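These are my notebook entries on one structure, kept in the order in which I looked things up.

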Amino acid sequence: MATKEHIQATTSDQRAMSKWDMFATWIGANANNGTWYIGGVIAAVGLIKASTLLVVVGSLSYILLGLASYMGYKTGLPAMVLTRPSFGVKGSIIPSIVNVVQFIGWAAINTFIAATSISFILKDLLGWDNSSFHNQFSIIIGIVVMSILHLISISLGEKSVKWIERFGIILVIILVTWESIVVLKTVPFHDIVKYQPAAKFQLPSGKIVDILAAFNLAWVTAAADFSRFTKDKHAATTASFLGANIGLFWFAFIGLIATIATAITINKFDPNNADPSTIAAKLGLGILAMLVIVITSTTANAVNLMAAGSALTNIFHRLKLTPALWIVTLVATVMTFIPVYIASFLTTFETFLDGIGMFLGPEIAIFLVDFFFIKRKDYEVSQFSKVNGSYWYTKGVNLIAIATWAIGVISYLGLNKLNFIVNTVGATFPAMLITAILYYVVANMKNKQIN
């Protein structure tokens, strides 16, 4: 017996995303305010170590992105629907909830950073002072403006997302190249290379790895939402890998050197200055730099909101993608007000990363191992909504996956208490490895018992 839900894989006519579209989508996903901010946060270990960790963690994370993208290309199904064979038809609701929360959170973060830029623009154009009233009022206006832009960007679902990425990436490349030149002209590069923040600001290597992993791995859980619209395997895998890495390295590196340049310029290192709007203002980059930040927020959030909306449709099966996109956009708007009234942006940002980091790694390990090693790239679409079918398990939930995921989260928390882990590799990737091995062993044992 099947549920009333009808699982429809992407048709050949719908597979209209080219290699360039995929490349632009993933550059746009990472060429944004959040990536800039991440670069500023990891500046706490200096340019050389931060750059090295950025390349290593980014490359490893986006190999996993390429694998997850292949799943979407092969099956034509959205990312969270693809967790049904591993977590169960009903069990997939749990990773879907995580995805909805995390991508609404990322959208809110990018919106707040862009709203800060609009705040600077308004104060510059209208001559407002830095009173608490004008600061808060201009931020609120910025949030409203950005939310309207986001509603426009997702108004037609994947079609409008594709076009906003095509248009936005060209402006981003032109304007941010200019912005990079201005930053490097402001402070000599050799001074940036030599700079080291005071010891009280420095972070251990493992902490940096976990911050970068939480940021990068978020995209892995959304990869199939875009790759399912391409006909080309290399567009789904290679273009995704290259686009995401280029966007990451480029923008995080700009955030990294700009934060250090600001510290040198004002003779004070402050991680709160990682905010790109603050950096642009303190380096005198002007209104055009603020507009770059607004544009990059729009392109990045088109991807964030698409991922959140897609995950929401896996929770509420009768909900269509476009209304789901409107819902998550409105919720993201509400969440953007949290740092306005409750906490500093840096505190909110770090709390958010800590919260999602422990869940993402084990989840990704499970659904990748399930597809590539347990089911050997052979998912039966006809079973995705079938009661008592291949992916129904125990009342619709694969208890092995849920238990393994829980163990992965616990291992992450435990590893984070070990000084050796905190000071070296971080907890994320070891927890993923533990989860992957455990799920593979237990799932194989279960299959042998059945057969």
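Does Trp-405 count as buried or exposed? I looked up its relative accessibility, which is 6%, and since buried means under 20%, Trp-405 counts as buried. I note at the outset that I am working from a predicted model, and that every value below is computed from that model.

**Entry: the ring pair of Trp-405**

I then asked which ring lies across from that of Trp-405, and found Phe-87, with the ring centres 5.3 Å apart and the planes at 70 degrees. An angle over 60 degrees is the cut-off for edge-to-face, so the pair of Phe-87 and Trp-405 is edge-to-face. Phe-87 sits in helix α4 (residues 84–87) and Trp-405 in helix α17 (residues 399–415), so that the pair, 318 residues apart, links distant parts of the chain. Phe-87 has a relative accessibility of 0% and therefore counts as buried. Counting aromatic pairs by this rule over the structure, I arrived at 18. I also recorded one aromatic cluster, formed by Tyr-70, Tyr-73, Phe-371, Phe-372, Tyr-379, Phe-384 and Tyr-391.

**Entry: the chain as a whole**

For the secondary structure I noted 19 helices and 0 strands. The chain has 451 residues, of which 58% count as buried. Taking the contacts between residues at least 6 apart in sequence, I found that 85% of them join residues at least 24 apart. The accessible surface of the chain comes to about 18000 Å², and 68% of that surface belongs to carbon and sulfur atoms.

**Entry: the nonpolar core**

Which residues touch the most other members of the largest nonpolar core? The core holds 120 residues, and the two I was looking for are Trp-26 and Trp-106. Helix α16 (residues 345–374) supplies the largest share of this core, namely 14 residues.

**Entry: two buried positions**

I picked Ile-257, which lies in helix α11 (residues 233–266) and is buried, with a relative accessible area of 3%. Once its neighbours within four places in sequence are left aside, Ile-257 is in contact with Leu-47, Val-183, Leu-184, Phe-189 and Ile-192. I also took the C-alpha to C-alpha separation of Ile-257 and Val-187, which is 9.3 Å in space for two residues 70 apart in sequence.

My second choice was Ser-96 in helix α5 (residues 93–126), which has a relative accessibility of 0% and so counts as buried. Not counting residues up to four places away in sequence, Ser-96 touches Met-80, Ala-311, Asn-314 and Ile-315.

**Entry: charged side chains**

How many salt bridges does a search of the whole structure find? The search returned 1, and I could identify a salt bridge between Lys-375 and Asp-370, whose closest N and O atoms are 2.8 Å apart. I checked the acidic partner, Asp-370, and its relative accessible area is 0%, so Asp-370 is buried.

**Entry: a nonpolar patch on the surface**

Last, I looked at the outside of the model and wrote down a nonpolar surface patch of about 590 Å², made by Phe-373, Leu-433, Ile-437, Tyr-440, Val-441 and Met-445. Helix α19 (residues 428–450) gives the most to this patch, with 5 residues. Leu-433, which lies in helix α19, has a relative accessible area of 53%, and because exposed means over 50%, Leu-433 is exposed.

Definitions and conventions: Residues are numbered from 1 along each chain as its sequence is written. This is a predicted model: local features need pLDDT of at least 70, side-chain atom pairs count only at pLDDT 80 or more; totals for chains, interfaces and linings use all residues. Side-chain values use heavy atoms; hydrogens and water are left out. A nonpolar core is a set of buried Ala, Val, Leu, Ile, Met, Phe, Trp, Tyr and Cys residues joined through side-chain atoms within 4.5 Å. Buried means under 20% relative accessible area, exposed over 50%, partly exposed in between (1.4 Å probe, protein chains only). Helices (H or I, at least four residues) and strands (E, at least two) are DSSP runs, numbered from the N terminus. Rings of Phe, Tyr and Trp (its six-membered ring) pair if their centres lie within 6.5 Å; planes under 30 degrees apart count as stacked, over 60 as edge-to-face and the rest as tilted. A salt bridge is a side-chain nitrogen of Lys or Arg within 4 Å of a carboxyl oxygen of Asp or Glu. Contact means heavy atoms within 4.5 Å. Accessible areas come from the Shrake-Rupley method with a 1.4 Å probe; for residues, only the protein chains shown count as cover. Patches are made of residues with over 30% relative accessible area and no salt bridge: like charges are joined within 9 Å, nonpolar side chains (Val, Leu, Ile, Met, Phe, Trp, Tyr) within 5 Å.
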